[in-house]
Amino acid sequence: METVLNFINGKQVPSRGTTAWPIYNPATGQQIRQVIMSSAEDVNEAIDVAQAAFPAWAETSPLRRARVMFKFKELLLRDFDKLARVITEEHGKVYSDSIGELQRGLEVVEFACGIPHLLKGEFSEQAGRGIDIHSAMQPLGVTVGITPFNFPAMVPMWMFPISLACGNTFILKPAKADPSLSIYLAELLKEAGLPDGVFNVVHGDRHDNEILMRDPRVQAISFVGSTPAAAYVHKVGGEFGKRVQALGAAKNHAIIMPDVDIETTADALLGAAFGAAGERCMALPLAVTIDDDTADKLVKALKPKVEALRYGPGIAKDGEKEMDFGPLITQQHLNNVTGYIDKGVVEGATLVVDGRGKKPAGYEQGFFIGGTLFDHVKPDMVIYQEEIFGPVLGIVRAKSFDEALQLINQHPYGNGAAIFTANGAAAREFTYKVQAGMVGVNVPIPVPMAFHCFGGWKHSAYGQLNAYGPDGVRFYTKMKTVTTRWPDYREGNEGAAFSMPTL
Ligand code: NAD
């Protein structure tokens, strides 16, 4: 059985741990390789190496660090096809979606290529007579990224390009269901000229994360995953004196106003709810109407579209059209999603399209489930409250815009929210009042571009700074403010001053 190795000090090395974790091709349900959880010794070695590599990398000029990022970007583009196939093989998402994920990660690399400009800091000439003040943004040291299964390329690339460009070293602890891509990325960074030890990968589970969260040499942790884990990492990392940015789960809503074109809106919902089999933190699993007439029309438009969804293996056979979405990540997750649909039925939601138990022919062992559509989802139902992370769309029937907005604002998660409307005033009111970190107007998945920042509100994110963009640079640097005076001794000594200096 092929084993995915750790990457420490510029080389792939076997873990000294003893617990193996199976990696499946979710489309076939077959185990394709394994990964061994790291021992404490492995994690400590990665921290030692990252700590040792830090001083020289931190002193490398930002321009030279940027050149490594430029080269890394070229190599990523060279290998896009190979990398996308690895993502599809281990995660299951369709090939074009894997390419899309790589592209969104690549854009953060492009942002990081501008690091000499981003680290310029500020300068005030003559802040007082003969006094200048400047700020410098200096790297932190060893930084850690703990990432989820659903974006094995993009989420790590929200983190390490900026961290490395800022002059830090980095240890990535990827999800264990689809860990191979992290090793490909490590090899490409090495090929791009990144010195050994600056970027390391340790595979593992909670025990390994505990070491990373507690080691005093680790300065910052970027975490992305489920909300209980995000809250925990934020708490423990904070207790151990680290900067922590911890992004969690989501339950994104879209308000559908009566003035929309129903077919266009139904298509937008379809991609956002069912793309990547709903395994996206910016998926759109809830559509909230504000009158029954719109709800009826929407359900009528959606029903045949959801029934016609095509799901199957992520790589299309020659000459065939690509599927709409692939399988779920594991059999266990398939059981969870099926369990949610069972619960929705028991709770009294109307099951319009039932995806349970449906498998594409020839892939009976794969972790597939068809698209599911519920109507009359109510706020007291579990399928409304909890993140399902599967291809399940629920229609919620509110009675007014205010009620719909209140629903969103009272939900414990606040990652993304959208409104579909032709009415500018309604859109303006929505964007102003909605309690969510990323908001779309006629945009169902408003994932900000790399030069803005990504982050939710409420229980969707913990920590002060968002991911990537300008916040990423702030997160991965500490600011030093220098006040400078060059007295002209020819003017004589001013004598001692005992009061608080004022300018
Ligand atoms: P997960 O929480 O099970 O695992 C994510 C990572 O956290 C893994 O690397 C795992 O080792 C680690 N982890 C898990 N429990 C931990 C703990 N108690 N302490 C320390 N580390 C722990 O999440 P997943 O199933 O891999 O990913 C799906 C989740 O991630 C969903 O909830 C999804 O919404 C969320 N997600 C959020 C965003 C975002 O930007 N907000 C992006 C992608 C995914």
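Start with α9: this helix gives the shell around the ligand its largest share, three residues. Keep in mind that the model is predicted.

Select residues 227-239 to show α9, then add α8 (206-214) and β11 (218-224). Each of these three elements supplies at least two residues of the ligand's shell.

Now select the whole shell. It holds 25 residues around the ligand. Label the closest ones: T147, N209, S226, G248 and E387. Colour the shell by residue class. You get 15 nonpolar residues, seven polar and three charged.

Next, pick out individual contacts. Which residue places a side-chain N or O atom 2.5 Å from an oxygen atom of the ligand? Select E387; its side chain makes that approach. Move to K173. A polar atom of the K173 side chain lies 2.9 Å from a ligand oxygen atom. Then show the main chain at F149. Here a backbone N or O atom is 3.1 Å from an oxygen atom of the ligand. Switch on the surface after that. On its own the ligand has 840 Å² of accessible area, and the protein covers 87% of it.

Where does the ligand sit? Display the pockets: the ligand is in the largest pocket.

Finally, zoom out and select residues 19-482. An unreviewed UniProt entry annotates this span as "domain: Aldehyde dehydrogenase". Colour the span by secondary structure: 42% is helix and 21% is strand. Draw a distance between the C-alpha atoms at its two ends, and the value is 50 Å.

Terms used: Residues numbered from 1 in each chain as written. Predicted model: local features only at pLDDT ≥ 70, side-chain atom pairs only at ≥ 80, totals over all residues. Heavy atoms only, no water. Near = heavy atom within 4 Å. Polar contact = N/O pair within 3.5 Å; in protein donor to acceptor, adjacent residues only side chain to side chain. Areas by Shrake-Rupley, 256 points an atom, 1.4 Å probe, with all protein chains shown as cover. 1 Å grid on protein atoms, 1.4 Å probe; cavity = no way out; pocket = protein on both sides within 12 Å on 5 of 7 lines; lining within 4 Å. Sits in = over half its atoms within 2 Å of the grid points. Helix = DSSP H or I, 4+ residues; strand = E, 2+ residues; numbered from the N terminus. Nonpolar A, V, L, I, M, F, W, Y, C, P; charged D, E, K, R; others polar. UniProt positions renumbered as here; feature names shortened; annotations may be inferred.
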